[in-house]
Amino acid sequence: MTDHLAQAANQFISIAPLLKELTEQSKTKNATADEIATAISRIFENKLSPVQCSSLLSLLRATKRDREPLVLAKCGQRMREAAAQVDRKALRDVIRTRGRKEGSYRGGFCDLVGTGGDGWSTFNVSTTASILASSLLLLGKHGNRASSSTSGSADLLQAIKPKAPVIGAVNAGVLPSLYEKSNYAFLFAPTFHPGMRHVAAIRKELGIRTIFNLLGPLANPIEGSIEARIVGVFHEELGPTFAEALRLSGARKGLVVCGEEQLDEISCAGKTKCWRLFERPNPAFRGPKDEEDENFTTSDEEPEPRTVVDIQEFTLEPSDFGLQSHALSKVSPGKMPEENAATLMRLLRNELPRDHPVLEFVLLNTAALFVIAGICDVDASDMGHGDNGEVIQENGPGGLRWKEGVRRARWAVESGQGLASLERYIEASHAAAGP
């Protein structure tokens with residue numbers, strides 16, 4: 001027994017100096033974001049002892065280092081590096097062959113995700129909205145089972161009747177081929193982040209929020225191929241932090257949102273604070289006007305980028321989308337997965353009244369992803385059967401077309417294309433699972 005314990009201890013790497021720096025918060029020697037991220041990466045390799053791992057997570061929370069944009073960006077990068085790796089070239093091929101370019105949307109992958117932990121336990125809005133959005137966009141929905149709510153995204157999908165997707169069959173190896181048949185894929189976190197199993201018991205025993213409660217939205221395994229995203233945060237003070245962390249991570253289109261009730265969705269009840277990431281031309285860029293030569297440079301120095309990413313802050317409310325407000329009590333507390341799945345299917349089959357609170361809650365969030373992706377930036381549309389092509393060009397907060405986003409979201413419901421997209425994903429997941 002003694003030899004076994006000694007062997008286990010020998011596999012661990014000590015981070016005692018880092019823990020000391022975090023404890024003392026020295027003015028002369030403070031732990032850097034890279035040092036913290038390196039320590040976090042050891043967790044995925046099972047190289048930290050349980051005592052030092054729990055100490056690290058607790059100290060990051062106590063010192064609020066886990067709320068710093070650079071720390072989050074660096075740790076998110078290490079988490080993605082430790083994830084199961086998806087063939088990037090194959091994903092680029094998917095975008096080229098299946099991406100439906102429209103407006104300023106270039107056909108890339110999108111995600112709609114929240115940090116969770118807001119305590120509201122509402123209906124599975126982001127998962128439902130991501131399914132609807134896949135009628136017009138490529139979606140890589142990163143998610144997991146419930147931790148603080150009654151029904152997580154994985155729980156919802158697995159409760160769909162009569163035929164649920166095989167979420168565990170969609171792994172890094174089959175993902176590109178799945179996208180040949182489906183615009184939608186659910187990226188089940190335990191499948192893509194196997195290293196997280198080494199910290200699961202520690203997180204449960206600690207019983208407090210840790211940096212891992214924040215890293216999920218930054219750890220999408222196809223991050224490099226994500227063009228646009230909506231990220232919900234559970235507290236308003238996290239909004240600017242996440243927006244900057246996304247910018248540091250290379251994001252160029254995104255919207256970080258927090259409902260005034262400290263809700264990690266766009267609220268159907270009242271106002272929502274928003275932080276939008278968007279590209280604008282870089283006045284310092286001296287290259288050609290066209291993007292034909294990606295490696296253009298005028299000297300041996302690092303060239304200025306063609307565009308820069310700015311962050312714009314504004315507030316949204318349901319009336320900006322042309323919708324009425326609904327008290328959160330109408331969409332929460334969330335039901336068990338089976339009940340939520342039944343509501344999801346009623347919504348996709350267009351069986352809910354047009355002003356149903358859950359439907360309008362979902363329309364708000366679907367519309368926002370359409371707007372941020374850029375497909376609303378057109379003079380006319382051709383979505384398919386049921387689309388009259390008449391774009392609502394009215395601009396709202398941020399100078400964006402929120403009502404046009406709702407028109408498209410309603411089309412996804414009423415045309416049946418949202419349901420069709422889900423059915424294609426379910427069939428593709430079963431094909432990936434094999435006989």
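A polar contact is a pair of N or O atoms within 3.5 Å. By that cut-off, serine 49 makes one with glutamine 52, because a polar atom of the serine 49 side chain lies 3.2 Å from the backbone nitrogen of glutamine 52. The model described here is predicted. The points below cover its strands, one of its helices, an aromatic pair and three single residues.

**Strand β5 and its neighbours**

- Strand β5 covers residues 254-259, and 6 of its 6 residues are buried, so the rest of the structure largely encloses it.
- In a regular strand, side chains alternate between the two faces of the sheet.
- In β5 both faces are covered: Gly254, Val256 and Cys258 are buried on one side, and Leu255, Val257 and Gly259 are buried on the other.
- β5 pairs with strand β4 (residues 226-232) in the parallel sense, over 4 bridges.
- Within this pairing, leucine 255 of β5 is the bridge partner of isoleucine 230.
- Helix α13 (residues 238-248) joins β4 and β5 in a right-handed β-α-β unit.
- β5 also runs antiparallel to strand β6 (residues 272-281), with 6 bridges between them.
- Two of the partnerships with β6 are valine 256 opposite tryptophan 275 and glycine 254 with leucine 277.

**Strands β6 and β7**

- β6 and β7 run antiparallel and are joined by 10 bridges.
- Phenylalanine 278 has aspartate 310, in β7, as its bridge partner.

**Strand β1**

- Strand β1 spans residues 109-114 and is mostly covered, with 5 of its 6 residues buried.
- β1 pairs with strand β2 (residues 138-143) in the parallel sense over 2 bridges.
- Cysteine 110 stands opposite leucine 139 in β2.
- β1 also pairs with β4 in the parallel sense, here over 6 bridges.
- Aspartate 111 stands opposite arginine 229 in β4.

**Helix α15**

- Helix α15 (residues 357-373) has 17 residues, which at 1.5 Å a residue should span 24 Å; the C-alpha atoms at its ends are 25 Å apart, in agreement with that value.
- The helix is mostly covered, as 17 of its 17 residues are buried.
- Glycine 374, just after α15, takes a positive phi of about 110°.

**Aromatic rings**

- The whole structure holds 6 aromatic pairs.
- One of them joins phenylalanine 314 and tryptophan 402: the ring centres are 6.0 Å apart and the planes meet at 55°, so this pair is tilted.
- This pair links distant parts of the chain, since phenylalanine 314 is in strand β7 (residues 307-316) and tryptophan 402 is in helix α16 (residues 402-414), 88 residues apart.
- Phenylalanine 314 and tryptophan 402 are both buried.
- Together with Phe321, Phe314 and Trp402 form one aromatic cluster.

**Phenylalanine 186**

- Phenylalanine 186 sits in strand β3 (residues 184-188).
- Its relative accessibility is 0%, so phenylalanine 186 counts as buried.
- Not counting residues up to four places away in sequence, phenylalanine 186 touches Lys141, His142, Gly143, Asn144, Ser153, Ala154, Leu157, Ile167, Val170 and Tyr425.
- The C-alpha atom of asparagine 144, one of the residues touched, is 9.3 Å from that of phenylalanine 186, and the two are 42 residues apart along the chain.

**Histidine 198**

- Histidine 198 belongs to helix α11 (residues 197-206).
- With 24% relative accessibility, histidine 198 is partly exposed, because buried means under 20% and exposed means over 50%.
- Apart from neighbours within four places in sequence, histidine 198 is in contact with Ile43, Phe44, Glu45 and Asn46.
- Histidine 198 and asparagine 46 are 152 residues apart along the chain, with their C-alpha atoms separated by 5.9 Å.

**Serine 49**

- Serine 49 lies in the loop between α3 (33-44) and α4 (50-62).
- Its relative accessible area is 17%, so serine 49 is buried.

Technical notes: Residues numbered from 1 in each chain as written. Predicted model: local features only at pLDDT ≥ 70, side-chain atom pairs only at ≥ 80, totals over all residues. Heavy atoms only, no water. Buried < 20%, exposed > 50% of the residue type's maximum accessible area, 1.4 Å probe, protein only. Contact = heavy atoms within 4.5 Å. Polar contact = N/O pair within 3.5 Å; in protein donor to acceptor, adjacent residues only side chain to side chain. Expected span 1.5 Å × (residues − 1). Pairing = 2+ DSSP bridges. Right-handed = clockwise from strand over helix to strand, strands pointing away. Phe/Tyr/Trp six-rings, centres within 6.5 Å; stacked < 30°, edge-to-face > 60°.
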